[in-house]
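Here is a short report on one structure. Its topics are a pocket and the contacts of aromatic rings.

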Amino acid sequence: MLLLVFQSVFAQKSFDNFIKPSDSVNKKRQNFVFVAEAILASGALIGLNQLWYVDYPKSNFHFINDNPEWMQMDKVGHLYSSYHIGRFGAEALNWSGSSKKNQLIYGASLGFVFLTAVEVLDGFSQEWGASMGDVVANASGSALYVSQELIWNEQRIIPKFSFHSTHYANYRPDLLGSKTQEQILKDYNGQTYWFSINLHSFSNKSKIPIWLNVALGYGAEGLIGKNDAKNNLTFPIKPEKYRQFYLSLDLDLTKISTKSHFLKTIFSVLNTVKIPAPTFEYSPNGGFKFHAIYF
């Protein structure tokens with residue numbers, strides 16, 4: 001038993017030392033990050049093309065204006081994705097000991113580059129088309145990360161995500177998803193995007209807990225797509241579209257003090273999702289509401 005405990009502790013310490021950021025540039029780690037990112041991004045694009053685009057006819061590259069659709073929920077989603085892909089890219093280079101400059105240039109731009117490549121695939125698809133609104137949202141997500149690093153040298157405002165199932169997917173599973181994992185990506189009615197703001201970072205001398213955040217959320221309801229013919233067949237009453245605004249509490253998990261680099265990595269990943277918490281909601285349709293727990 002003592003031997004097993006010793007081996008377990010030794011393994012954890014070895015792993016913790018492995019994921020500990022390097023104090024100086026580690027060429028092997030840096031090369032590993034660049035190669036791994038290139039392989040993952042290429043594999044993701046190839047897989048996306050085979051799973052999503054290959055069954056639809058191709059066209060000449062073209063743009064579409066989809067800004068009025070989905071009440072801009074898809075644009076906020078692009079911002080969120082670009083921010084966090086870029087953040088993970090910067091943190092990976094930080095692990096390799098790269099300079100702050102390289103982290104922001106080659107790491108934080110990863111989200112914009114990858115999502116813009118996806119936009120190119122859209123542009124050559126007859127079914128869709130490239131969206132300049134998506135490109136602007138991608139750039140905004142990267143800019144949000146980079147600007148905070150340059151101004152504050154920390155991330156005080158973090159985009160986060162939450163999701164709850166809705167009844168809309170029952171009527172349009174082809175569009176909004178037939179399974180929960182599909183609905184998380186497709187059903188905008190159940191998605192909420194947040195800007196989680198760390199209060200202590202704006203008032204260092206206050207007694208506010210360093211990990212306590214206030215979160216401003218945005219969502220929408222009644223989003224069922226523009227296929228009116230099919231919507232008339234599937235929905236008993238066509239739902240009214242409206243925006244939703246939220247105010248809630250949240251945690252910045254990266255502010256939790258720990259010496260374990262393993263836990264720091266876990267907290268960094270989980271910090272993409274808002275915790276369930278009491279929440280105030282306002283919408284033009286329903287006015288003010290209070291949720292004891294909202295996610």
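The sections below cover the pocket lining first, then the aromatic rings.

## Model

The model is predicted.

## Second largest pocket

The second largest pocket has a volume of about 1,100 Å³. Its lining counts 32 residues. Closest to the pocket centre are Glu91, Asn94, Lys264, Thr265 and Ser268.

Five elements each give two or more residues to this lining: α1 (2–19), α3 (73–95), α4 (100–107), α6 (132–152) and α11 (261–270). The top contributor is α3, with eight residues. By class, the lining splits into 14 nonpolar, ten polar and eight charged residues.

## Aromatic pairs

The structure holds 21 aromatic pairs. One of them joins Trp70 and Tyr188. The ring centres are 5.1 Å apart, and the planes meet at 50°, a tilted arrangement. This pair bridges distant parts of the chain, 118 residues apart. Trp70 sits in the loop between β1 (63–64) and α3. Tyr188 sits in the loop between α9 (180–186) and β4 (191–198).

Are these two residues buried or exposed? Trp70 has a relative accessible area of 18%, so Trp70 is buried under the 20% cut-off. Tyr188 comes to 16% relative accessibility and therefore also counts as buried.

## Cluster and charges over rings

Phe18, Phe32 and Trp95 form one aromatic cluster. Phe18 also has a charged neighbour: Arg29 lies over its face, at 5.9 Å from the ring centre.

Trp194 has a charge over its face too. Here the residue is Lys274, at 4.7 Å from the ring centre.

Key: Residues are numbered from 1 along each chain as its sequence is written. This is a predicted model: local features need pLDDT of at least 70, side-chain atom pairs count only at pLDDT 80 or more; totals for chains, interfaces and linings use all residues. Side-chain values use heavy atoms; hydrogens and water are left out. On a 1 Å grid over the protein atoms alone, a cavity is a set of points where a 1.4 Å probe fits but cannot get out, and a pocket is an open set with protein on both sides within 12 Å along at least five of seven lines; lining residues have an atom within 4 Å of a point. Grid points are joined across faces, edges and corners, and a volume is the space filled by probe spheres set on the points. Helices (H or I, at least four residues) and strands (E, at least two) are DSSP runs, numbered from the N terminus. Ala, Val, Leu, Ile, Met, Phe, Trp, Tyr, Cys and Pro count as nonpolar, Asp, Glu, Lys and Arg as charged, and the others, Gly among them, as polar. Rings of Phe, Tyr and Trp (its six-membered ring) pair if their centres lie within 6.5 Å; planes under 30 degrees apart count as stacked, over 60 as edge-to-face and the rest as tilted. Buried means under 20% relative accessible area, exposed over 50%, partly exposed in between (1.4 Å probe, protein chains only). A charge sits over a ring if NZ of Lys or CZ of Arg is within 6 Å of the ring centre and within 35 degrees of the ring normal.
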